[in-house]
Amino acid sequence: MTDDQKATRLRYHDAWNAGDTAALDGIMTTDVVNHSPLPGQPQGVAGFKAALAMMRAGVPDLAISIDSLVADGDRVSARWTGSGTHAGDLMGIPATGRPVTVTGIDISRVVDGRIVEYWQELDTLSMLQQLGVIPA
């Protein structure tokens, strides 16, 4: 069962790397609960699609690697690193052209091959420092 949970989480990862918002429909339930939404991000799969589109608009060459993937029962934890170039508006921050790397950890609860709940911790401070929004 944990291999199936990991496979679902890896499909989510692949959708982010491809910028494929439509793929999220087959990976998450329509009413997936996001316990860590971005400011103004709606709930459900629509919110994840909006977040993915927003991130890809701000960092079009975004590439995310999985550093660690652990499954326990119906939950999968991923520690990841994302990097790219800030080439477009990102959360109201105009493009800087700077490279940016951010790390995070997320936990997905997977039921019947779909993500039904999601939690995330993200190193936003480091990202804002790299973009020059706040001092290092």
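This passage looks at glutamate 117 and at the salt bridges that connect its side chain to other residues in a predicted model.

A convenient place to start is strand β5, which spans residues 114-122 and contains glutamate 117. With a relative accessibility of 15%, glutamate 117 falls under the 20% limit and therefore counts as buried. Leaving aside residues up to four places away in sequence, the neighbours that glutamate 117 touches are Val32, Val33, His35, Ile107, Ser108 and Arg109. Two of these neighbours deserve a closer look. The side chain of histidine 35 makes a polar contact with that of glutamate 117, at 2.6 Å. A polar contact of 2.6 Å also joins the side chain of glutamate 117 to that of arginine 109.

The pairing with arginine 109 can be described in charge terms as well. The side chains of arginine 109 and glutamate 117 form a salt bridge, with an N to O distance of 2.6 Å. While glutamate 117 is buried, arginine 109 is partly exposed, because its relative accessibility of 22% lies between the 20% and 50% limits.

From arginine 109, the trail leads on to aspartate 74. These two side chains meet in a salt bridge of 3.6 Å, again taken from N to O. The partners come from distant parts of the chain, 35 residues apart: arginine 109 belongs to strand β4 (residues 99-111), whereas aspartate 74 sits in the loop between β2 (63-72) and β3 (75-85). Aspartate 74 has a relative accessible area of 24% and is partly exposed.

Aspartate 74 has a further partner in arginine 75. The closest N and O atoms of this salt bridge are 3.6 Å apart. Arginine 75, at 35% relative accessibility, is likewise classed as partly exposed.

Taken together, these pairs make up a network of salt bridges linking Asp74, Arg75, Arg109 and Glu117. Followed from one end, the network runs from arginine 75 to aspartate 74, continues from aspartate 74 to arginine 109, and passes from arginine 109 to glutamate 117. For context, the whole structure holds 6 salt bridges. Beyond the network, the side chain of glutamate 117 also keeps its polar contact with the side chain of histidine 35.

Notes. Residues numbered from 1 in each chain as written. Predicted model: local features only at pLDDT ≥ 70, side-chain atom pairs only at ≥ 80, totals over all residues. Heavy atoms only, no water. Helix = DSSP H or I, 4+ residues; strand = E, 2+ residues; numbered from the N terminus. Buried < 20%, exposed > 50% of the residue type's maximum accessible area, 1.4 Å probe, protein only. Polar contact = N/O pair within 3.5 Å; in protein donor to acceptor, adjacent residues only side chain to side chain. Contact = heavy atoms within 4.5 Å. Salt bridge = Lys/Arg side-chain N within 4 Å of Asp/Glu carboxyl O.
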